[in-house]
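Work through the exercises below with the structure open. Each task is followed by its solution.

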Amino acid sequence: MSSVLTDLFPHPIVQAPMAGGVSVPQLAAAVSDAGGLGFLAAGYKTADGMYQEIKQLRGLTSRPFGVNLFLPQPETPGASTGSAGAADTAPSNAAVDVYAHQLAGEASWYETELGDPESGRDDGYDAKLAVLLDNPVPVVSFHFGVPAREVIDSLHRVGTLTFVTATTAEEARAVERAGADVVIAQGVEAGGHQGTHRDVPETDGSGIGLLSLVAQVRESVGIPVVAAGGIMRGGQIVAVCAAGASAAQLGTAFVAAHESGAHALHKQALTNPLFARTELTRAFTGRPARALVNRFLREHGPYAPAAYPEVHHLTAPLRKAAAKAGDAQGLALWAGQGHRMARELPAGQLVEVLVAELAAARTALSAGGAR
């Protein structure tokens, strides 16, 4: 690994920050204690909620960890988010209203109200940054764009390293220009939200596969690369490192971990034959995100508008009600393409297994090359 990373964690394993309650302090602590880099997801939390989880995590481990932030979304059509490379336009209210009308039957079925799509676009970004500058953590990562240079510089001044997700070589160059320390190259195989810097409806489903992306990014930037997307085994970690990555970020692999905060139905669905495949969909949040195909995704995915976070706010009560009812067909079952390879283990033990697998894969490669 790059020395920037080895000073943080000895094994080339990063636990992806998964918003929505999966990346709880217990999970991050177990991964960090095992020699990986655990992450908290600040997305959808208040600034105080994030701060309380950081305090809890610090009480569980003395090892380095990270916190992930979502970049704020634009306020008006064509408006900038204040981040380089993020030039999305706000969706029309009409498209959201049409989708809300379509979801009325879901609200009736689950005996709940639809959420307010105008519940906010910035995810408390400035308040969370203020907390992280007053109470620095080892790493802060960013999703949905590139933070302004002054944000990265301010985090550097308090000793925090910055990771930023990119889904193309062009986005990776923007990450490097902004002064970030590490780029997370996210392949189309990844579960959950694609971290594209611009949400372009015309490119839905046309993302780049991880190995091709890592190679392209490695030739485009000089900063370390962390590979993310469908990685479930130690041999895959070796493969992405051979392609140019310094480490691998795993999300779905940790969803099934004992310490994960994922709903039990979500954990079970990863290996349940009923959920045979994944798709990129806007059905739950309005932004492309990879999930197991269930009834909600099939029925509403084709009609969901490019409207994040409006659709997220709209469907949040439906997802909460589905979880309460024990109905996996109404949940957002985020999962990468390797979901059937999930293992229900304590997170620390999973890191140990992955380390053993990557060591075995390296030995096998060395033996093969010696012949």
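**Exercise 1.** Start from the burial of Phe39 and Phe163, and describe how their rings are arranged.

Solution. In this predicted model, Phe39 and Phe163 are both buried. Their rings form an aromatic pair with centres 6.4 Å apart and 55° between the planes. An angle over 60 degrees would count as edge-to-face and one under 30 degrees as stacked, so the pair is tilted. Next, place the partners: Phe39 belongs to strand E2 (residues 38-41) and Phe163 to strand E5 (residues 161-166), 124 residues apart.

**Exercise 2.** Classify the pair of Tyr44 and Phe70, and state what it ties together.

Solution. The centres lie 5.3 Å apart and the planes make 75°, which is edge-to-face. Tyr44 sits in the loop between E2 and helix H3 (47-60), and Phe70 in strand E3 (residues 65-70), so the pair ties together parts 26 residues apart in sequence. For burial, the cut-off is 20% relative accessible area. Tyr44, at 30%, is partly exposed, whereas Phe70, at 7%, is buried. Finally, ring pairs link Tyr44 and Phe70 with Phe144 and Tyr308 into a cluster. The structure holds six aromatic pairs.

**Exercise 3.** Find the largest nonpolar core and the helix that gives the largest share of it.

Solution. The largest nonpolar core has 107 residues. Val67, Leu69, Phe142, Val183, Leu250 and Phe254 have the most contacts inside it. Helix H15 (residues 347-370) supplies the largest share, six residues. Apart from this core lies another, of 13 residues, including Leu5, Val139, Phe163 and Ile184. Beyond its neighbours within four places in sequence, Phe142 is in contact with residues including Leu69, Tyr125, Val151 and Phe163.

Conventions:
Residues numbered from 1 in each chain as written. Predicted model: local features only at pLDDT ≥ 70, side-chain atom pairs only at ≥ 80, totals over all residues. Heavy atoms only, no water. Core = buried A, V, L, I, M, F, W, Y, C linked by side-chain atoms within 4.5 Å. Buried < 20%, exposed > 50% of the residue type's maximum accessible area, 1.4 Å probe, protein only. Helix = DSSP H or I, 4+ residues; strand = E, 2+ residues; numbered from the N terminus. Contact = heavy atoms within 4.5 Å. Phe/Tyr/Trp six-rings, centres within 6.5 Å; stacked < 30°, edge-to-face > 60°.
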